[in-house]
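Subject: Structure handover

Hello,

Here is the structure we spoke about, with the sequence alongside. My notes on it follow below.

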Amino acid sequence: MKVFLSLLSLYLRGFYNLPGKKAAGTKPSFKDKLKTVGIAILAVFLLVDFAVIFIFINIGLYDALAPAGLQGIVLLNIAILASALTLVIGFLTALSTYFMSDMELFLLSMPIQPRALFGAKFSALYLSEAALSLFFMVTTMVIFGIRESPPFMFYVWGTLAALLLPMVPLALSYLVLIPLLKGLRFLRNKQVMFLISGLMGMALGVGFNLYYQGMMSHLSDPAWISENLGGPNSLVVRLGQAYPPAMFMVQAMTEPVSLNAILSMLAMAALCVAGPILLISLCSGVYAKSLLGFSESHVKKLSKKDAQHFLNTRIKAGSTMLSLIKREVRGMNREPVYLLNGPMIILIMPLIMGIMLFAQKDAFLNDPDFAPILAMFAQGKGVIVAALAGVFLGSSTSITCTALSRDAKALYFIKSLPISAWSYMAAKLVHGLLFALIGALVGPVLIGMVLKLSTLRIAGAVFIALSMSALLNLLGLWLDTANPRLSWDNPVAAMKQNPNSMIAVLADMVIVGLVGFLAFKTGMSDTQAVLYLGLLPLVVFALLLLPYPRYAAQRLASIDA
């Protein structure tokens, strides 16, 4: 058990980039405490935001189904949703963390049972999936608590069910992955795994957005909800009938104070716990063997002629700045985690917005909250809307606000090269500005085509978008230079789990929303928009750029690589 707990602690720190034990006598600094408080506030904000969304959905479902006595379908829906998301997200996470590093090969060489190794990894992954399932269940139990005031056992069974539901989907994920990765050699590469899991994650996001937006557009139609969610032939009911744990949960929570509830939860617990136990007992050895040979480097031996051609064409003097910019672009594109969570945002966001408009076009047009935006269109404010779309796309790639953090493992090498700190950091800024240019083109052009803006007005929107996104990218670079995340074990921590990335994206959202609000309230014309939102950010950009080279040099020199 002690070995298992040690491995579990190791995997938890690796999965979620948790800090390790501090040396005796060391205390966290005020800056560390402030950072922890800030991250906690952001986490609570995001959690509450998502909770409100799902509570709103569940209220609509409950109010539509309760008059017909079908409120149990709300519980069944959340059980199916939690299980389905656990299956997909668990599969993606299991794939991306299947082989974490050569540390696991070292562990296999030690007198550690494969069962303990695999069991610890399964348990570490299960904790995050259980938290997600519990989140969905709590948002549902809140609705029943408000509407029905159920007995205490209702909450006991709901909490227990939320902890049990992820076990079977997660066990099925590994049951598919283990023979797949054992048999297909080309998959045993971390880059390939990250790329596949990232693309599947994008597909999941699009699919969930379609499901969510479609449901949101019909929340005011009780007849549609009753037919498509509460009917005997609805997809939710059929999935529940095919997945016994979900039905057992509904039976226990609809009659919480009864013998049937106890028997249903016992049956659910037996089914859910049996999956992981059988998986770990029967597949641990195969899993351990499948880790061997991961991320092997296959070196091709060149002939004398090929080697000479390579040296003549690839090894040659060139511009230092151009080489550094190429390094930044290739480094971002080579790492799937960076690519999918950075530059791909420019393509993903328009796709998601397109789905929202397609699924809820009528709802948007009739929504009183959307009226100010329609008024902006009617008053000729399409340029501002198109420009702000480009601002968000050009500044939300997280390129500059994680620029130094992503290079944490290479800083010792970079600092040994005869290049100036300004050249090194300027290449990172240019990298961010290149993708800011793409975002500043994509957003205004797409919005301009939808609103049928003239070419001149689209050009003005592009200018505003490029100016503002350039300033926001420079601010992101200042942020990451001042407070880079240099201690991480996997690329996910440098990008997705980097507080600088969250701060920058939230700041971009606030700035875009504030600028749009002020433009509407002040009745800003197109000419004024180009003057104030186009030229003014360029002036601020120049003022912030002037002291940056000196600060960057001092900051890099102070970092102990």
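What percentage of the residues in the protein is buried? Of the 561 residues, 43% are buried. Please keep in mind that this is a predicted model.

Overall make-up

The protein contains 27 helices and 0 strands. Among contacts with a separation of 6 or more, 85% are between residues 24 or more positions apart. The exposed area of the protein is about 28,400 Å², and 71% of it comes from carbon and sulfur atoms.

Salt bridges

The whole structure has 4 salt bridges. Arg327, Glu328, Asp407 and Lys428 are joined by such bridges into a network. I take the pairs in turn.

Asp407 pairs with Arg327, and their closest N and O atoms are 2.8 Å apart. Asp407 sits in the loop between α20 (403-406) and α21 (411-414), while Arg327 belongs to helix α14, so this bridge ties together parts that are 80 residues apart in sequence. Asp407 has a relative accessible area of 9% and is therefore buried, the cut-off for that being under 20%. Arg327, at 30%, is partly exposed.

Glu328 forms a salt bridge with Lys428, with an N to O distance of 2.9 Å. Because Glu328 is in helix α14 and Lys428 in helix α22 (residues 421-451), the pair ties together parts 100 residues apart in sequence. Glu328 and Lys428 are both buried.

Lys428 also meets Asp407 in a salt bridge, at 2.8 Å from N to O. Here the link runs from helix α22, which holds Lys428, to the loop between α20 and α21, which holds Asp407, and the two residues are 21 residues apart. Both partners, Lys428 and Asp407, are buried.

In general, side chains of opposite charge can pair when their charged atoms come close.

A buried glutamate

Glu129 is part of helix α5 (residues 114-147). Is Glu129 buried or exposed? Its relative accessibility is 3%, so Glu129 counts as buried. Apart from neighbours within four places in sequence, Glu129 has contacts with Thr86, Ile89, Gly90, Thr93, Pro166 and Leu170.

A positive patch

Arg314, Lys316, Lys326 and Arg330 make up a positive patch on the surface. One of these residues, Lys316, is located in the loop between α13 (304-314) and α14 (320-334). Lys316 is exposed, since its relative accessible area is 64% and the cut-off for exposed is over 50%.

Two serines with positive phi

Most residues other than glycine have a negative phi. Which way does Ser149 go, positive or negative? Ser149 is not a glycine, yet its phi is positive, at about 50 degrees. Ser149 is in the loop between α5 and α6 (152-164), and its relative accessibility of 60% makes it exposed.

Ser398 also has a positive phi without being a glycine, in this case about 60 degrees. Ser398 falls in the loop between α19 (382-395) and α20. With a relative accessible area of 4%, Ser398 is buried.

In viewing the model, you could start from the network of Arg327, Glu328, Asp407 and Lys428, then turn to Glu129 in helix α5, and finish with Ser149 and Ser398.

Regards

Definitions and conventions
Residues numbered from 1 in each chain as written. Predicted model: local features only at pLDDT ≥ 70, side-chain atom pairs only at ≥ 80, totals over all residues. Heavy atoms only, no water. Patch = residues over 30% accessible without salt bridge, like charges linked within 9 Å, V, L, I, M, F, W, Y side chains within 5 Å. Areas by Shrake-Rupley, 256 points an atom, 1.4 Å probe, with all protein chains shown as cover. Salt bridge = Lys/Arg side-chain N within 4 Å of Asp/Glu carboxyl O. Lys, Arg positive; Asp, Glu negative; His and termini not counted. Charge placed at Lys NZ, Arg CZ, Asp CG, Glu CD. Helix = DSSP H or I, 4+ residues; strand = E, 2+ residues; numbered from the N terminus. Buried < 20%, exposed > 50% of the residue type's maximum accessible area, 1.4 Å probe, protein only. Contact = heavy atoms within 4.5 Å.
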